[in-house]
Amino acid sequence: MKTITTTEQLAEFCAQCAKFDYVTIDTEFLRERTYYSKLCLIQMAHPGEGDEGAVLIDVLEPELSLDPLYELFQDESVVKVFHAARQDLEIFYVDRGIFPKPFFDTQVAAMVCGFGEQVGYETLVRKIAKAQLDKSSRFTDWSARPLSEKQKHYALGDVTHLREIYEFLKRKLHQTKRTSWVEEEVEILTNPETYNANPDDAWKRLKTRSNSRRFLATVQELAKFREAYAQERNIPRNRVFKDDALMEVAATRPKAINDLGKSRLLLREARKGAIGEGILASVKAADAIPSENLPQVAKVRQRPQGSEGLADLLRVLLKAKAEESGVAQKLIANASDLDDIAAGLGAEQVFRGWRNEVFGRDAKDLCDGKVALSADGSSVKIVHI
């Protein structure tokens, strides 16, 4: 198996790839000790048999530049194929601000083609490529060198079988006229907003027990400081201070460094130096926010009483339509969507594009009393009224 270690070798391989309709790509990375993923290895393959046309790219080689790969990413004559690509795309976007175009995600395609919810690569290899994967190297240290032969074999398997999976799913999508459905779904994966972790919004992912707006303001400022500090130093946010410590500080509102020493949950490093000063500055900033500008938890939309029964009918309809179309239920709509539809609160995405065709139109008719559901043996039948 070939390992690329120089920019010249990578440029030569990418030039070969440019002659084909598609290439398959995967990455190995570490994230336990950093804020951003540390890229350790890239696997690529163009059409071929077995290991033919497949390479490993050792990105830890100091003289290797990924410029040839990024040029290939922008070659719109070559489809870039990944499986469950979100983390892979984030790595490339953070590194160079580039997304591969055009782009295909076999996990999304498999959900559209009836392989179930969030189907794993190993499952597709078994069902489509009729092969077995040795996953024992999955959680090894990909930053250690040299890589073992077992690691290399595992890594190549993530792109060699992917060729057959892609070709199978591409044919199935063409036969069922659902190619545009997958294109709709992957648009969000190539939207920069998917990967922009704005420190100003960091507090929104935290669960709080208090609705006090001043408390929330302190949580907001502490989370903002922590996120920016972690990004700047490329360390995990929990290495700065953990969520429970953040909530403790927001409740106790320390005013001086000595106050931090009374915390039960702050790590020793967070009670002094840059982190300690940042905590105190965050509390002070929260105190300075005018009352009218204080944040508040978004109000939970109240669903009217009596909508639960309609939501249950929508669940039955969704199951029936998912089985009929061979599309994973969660890709069409989730439980919250169904509750919102039943209560007349929206879920507009269900009534757009292919979702409306598969489910949305019938869901609206059910809510409007234009259709009913009936048992037809072991299946559900839609009866127009």
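**Exercise 1. Arg 355 and Asn 356**

Task: Determine which residues Arg 355 touches, not counting residues up to four places away in sequence, and describe the setting of Arg 355 and of Asn 356 in helix H16.

Solution:
1. Contact is taken as heavy atoms within 4.5 Å. On that basis, Arg 355 touches Glu 185, Leu 331, Ile 332, Gln 349, Val 350 and Gly 360, with residues up to four places away in sequence left out.
2. The model is a predicted one, in which local features need pLDDT of at least 70 and side-chain atom pairs count only at pLDDT 80 or more, while totals for chains, interfaces and linings use all residues. Residues are numbered from 1 along each chain as its sequence is written, and side-chain values use heavy atoms, with hydrogens and water left out.
3. Helix H16 spans residues 353-367 and contains Arg 355. Helices (H or I, at least four residues) and strands (E, at least two) are DSSP runs numbered from the N terminus.
4. Arg 355 counts as buried because its relative accessibility is 13%. The classes are buried under 20% relative accessible area, exposed over 50% and partly exposed in between (1.4 Å probe, protein chains only).
5. The side chain of Arg 355 reaches the backbone oxygen of Ile 332 at 3.2 Å. This is a polar contact, that is, a pair of N or O atoms within 3.5 Å; within protein, one must be able to donate a hydrogen and the other to accept it, and residues adjacent in sequence count only if both atoms are side-chain atoms.
6. Asn 356, also in H16, is buried at 19% relative accessibility. Its C-alpha atom is separated by 9.0 Å from that of Ile 332, 24 residues apart along the chain. Outside its neighbours within four places in sequence, Asn 356 is in contact with Val 350, Phe 351 and Arg 361.

**Exercise 2. Ala 322**

Task: Is Ala 322 buried or exposed, and which residues is it in contact with beyond four places in sequence?

Solution:
1. Ala 322 is found in helix H13, residues 307-325.
2. Its relative accessible area is 5%, so Ala 322 is buried.
3. Val 327, Gln 329 and Ile 332 are in contact with Ala 322 once neighbours within four places in sequence are set aside.
4. Ala 322 and Leu 310 are twelve residues apart in sequence, and their C-alpha atoms are 18 Å apart.

**Exercise 3. The pair H8 and H12**

Task: Describe how helices H8 and H12 cross, and place Ser 282 within their contact.

Solution:
1. The axes of H8 (residues 213-233) and H12 (residues 273-287) come within 8 Å and cross at roughly 145 degrees. Axes are lines fitted to C-alpha atoms, for helices over the stretch in contact, with angles running from 0 to 180 degrees between N-to-C directions.
2. The crossing of H8 and H12 is right-handed; a crossing is left-handed if the near helix is turned anticlockwise from the far one by less than a right angle, and right-handed if clockwise.
3. Residues making the contact include Glu 221, Leu 222 and Phe 225 of H8 and Gly 278, Ile 279 and Ser 282 of H12.
4. Ser 282 counts as buried because its relative accessibility is 5%. Its side chain reaches the backbone oxygen of Glu 221 at 3.4 Å. Apart from residues up to four places away in sequence, Ser 282 touches Glu 221, Leu 222 and Phe 225.

**Exercise 4. Unusual backbone geometry**

Task: Which peptide bonds to Pro 102 and Pro 146 are cis, and what is the sign of phi at Ala 84 and Gln 118?

Solution:
1. As background, most residues other than glycine have a negative phi, and most peptide bonds are trans.
2. The bond from Lys 101 to Pro 102 is cis, with omega near -15 degrees. Pro 102 sits in the loop between helix H3 (86-96) and strand E6 (103-105).
3. Arg 145 and Pro 146 are likewise joined by a cis peptide bond, with omega about 5 degrees. Pro 146 is in the loop between helix H5 (121-129) and helix H6 (149-175).
4. Ala 84 has a positive phi near 50 degrees; it lies in the loop between strand E5 (79-82) and H3 and is partly exposed at 34% relative accessibility.
5. Gln 118 has a positive phi near 45 degrees; its loop runs between helix H4 (106-112) and H5, and its relative accessible area of 55% makes it exposed.
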